[in-house]
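Trainee: Could you take me slowly through one part of this model, the aromatic rings and what surrounds them? I would like to follow the reasoning step by step.

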Amino acid sequence: MRDDGAFTYNGGKVAPGETQNIRYGISETYLGDPVRIPVTIINGERDGPTAFLSAAAHGDELNGIEVVREVAHEWDLSDLAGTLVCMPVLNVPGFLAQQRYLPIYDRDLNRSFPGREDSTSAKRMAARIFDNFIAPCDFGIDFHTSTRGRTNMIHVRANMEHKGTARLAQAFGSNVIIAGKGSDGMLRTEATAVGVPTITVEMGEAHRFQRELIDEALAGVESVFAEYGLHDTSAVRWPGWRTIINDENEKTWIRADAGGIVDMHHERGSLVHEGDRICTITNPFKDDNVTVEAPFTGLMVGVLENPVVYPGNPLCHLVELEERVRRVVELEQSPDGDVVRA
Ligand SMILES: [Zn+2]
């Protein structure tokens, strides 16, 4: 909460012009030691909005950690107008175990917000994070990656019916925005519900630092800062083309109907046409191949990385593009398309 320009949380206060690196206790281990999340609070000398950046609510989703750390510790923020609350690792127990869920009963921290002090271990942790560092903000960005074994092209997930969230989503400047309210208990859903417009950024795969995606996300953060006047950066960026995927767009996770080893013929972000071969599922002898074709023309937003499947496992997240956008992407992805980027 801002009070005389200071950012206050339970047990502390960060005055204008001050930066604090803190380790904030959100739980206790079996040995009675504190479980503490790293938080960097940068309060600019100039007045402005308060924004949070968070990552690793799923403990093995690492790309966002580097995004948040670079903003907090490598950017020159001496001209910051407002306050930044940077939380590179929300799910500390999951991060230590390098797994998605909290190791305690495999709870999903990102379904436990806004949390409750007298409830489960996950909800108590969520409440400490939410009450102290999320609720006092004006908006926020929560970074995720695809689930282990799959990869995502960088995209934003946001409630586009909410004005504040839609503004934030557009400002990030990604090609793809997937519109939706999000599930109950998700950080972005619950923060938005209490008046802190929040988007999720999905980028790449778990267990990796993917430099090109990290750089793109940093450009997105810079663009958001420009939109809200937090930082004297260049203008809000326009990504060349943009599609907002909503209920009118066809979209599906294409699933394997056969178990086997997958030869994927396209990459994340590829445009495939109806009937194109997306992948081939083979047996150990390579003599009984199953070809999986695109059921409609669309963009491969998510793709399998670990090339083994049981029947029913997801192969690719395919989303339909509106005609105008599809043409632009087609030109961009054609061999001589680099000269026609809109
Ligand atoms: Zn996640």
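Mentor: Let us begin with Phe-113, which has a relative accessible area of 3% and is therefore buried, since buried means under 20%. Please keep in mind throughout that this is a predicted model. Phe-130 also counts as buried, because its relative accessibility is 3%.

A search of the whole structure finds 6 aromatic pairs, and one of them is formed by Tyr-9 and Tyr-24, whose rings meet edge-to-face with 5.9 Å from centre to centre and 80° between the planes. Tyr-9 belongs to strand S2 (residues 6–9) and Tyr-24 to strand S4 (residues 19–28), so this pair ties together parts that are 15 residues apart in sequence. Both Tyr-9 and Tyr-24 are buried.

Returning to Phe-113 and Phe-130, we find their ring centres 6.2 Å apart and their planes at 40°, so this pair is described as tilted. Phe-113 lies in the loop between helix H2 (92–97) and helix H3 (121–134), while Phe-130 lies in helix H3, so the pair ties together parts that are 17 residues apart in sequence.

Ring pairs also link Tyr-9, Tyr-24 and Phe-133 into a cluster, and Phe-133 leads us on to the nonpolar surroundings, for it is among the residues with the most contacts inside the largest nonpolar core, together with Met-87, Phe-143 and Phe-172. That core has 72 residues, and helix H6 (residues 211–228) gives the most to it, with 8 residues. Apart from this core lies another one, of 17 residues, among them Val-272, Ile-281, Met-300 and Cys-316.

If we look at Phe-172 more closely and leave aside its neighbours within four places in sequence, we find it in contact with a list of residues including Ile-141, Phe-143, Ile-154 and Val-156. The list also includes Ala-217, Gly-220, Val-221, Ser-223 and Val-224, as well as Arg-237.

An aromatic ring may have a charged partner too: the charged end of Arg-150 sits over the ring of Trp-253, 4.7 Å from its centre.

Note on methods. Residues are numbered from 1 along each chain as its sequence is written. This is a predicted model: local features need pLDDT of at least 70, side-chain atom pairs count only at pLDDT 80 or more; totals for chains, interfaces and linings use all residues. Side-chain values use heavy atoms; hydrogens and water are left out. A nonpolar core is a set of buried Ala, Val, Leu, Ile, Met, Phe, Trp, Tyr and Cys residues joined through side-chain atoms within 4.5 Å. Buried means under 20% relative accessible area, exposed over 50%, partly exposed in between (1.4 Å probe, protein chains only). Helices (H or I, at least four residues) and strands (E, at least two) are DSSP runs, numbered from the N terminus. Contact means heavy atoms within 4.5 Å. Rings of Phe, Tyr and Trp (its six-membered ring) pair if their centres lie within 6.5 Å; planes under 30 degrees apart count as stacked, over 60 as edge-to-face and the rest as tilted. A charge sits over a ring if NZ of Lys or CZ of Arg is within 6 Å of the ring centre and within 35 degrees of the ring normal.
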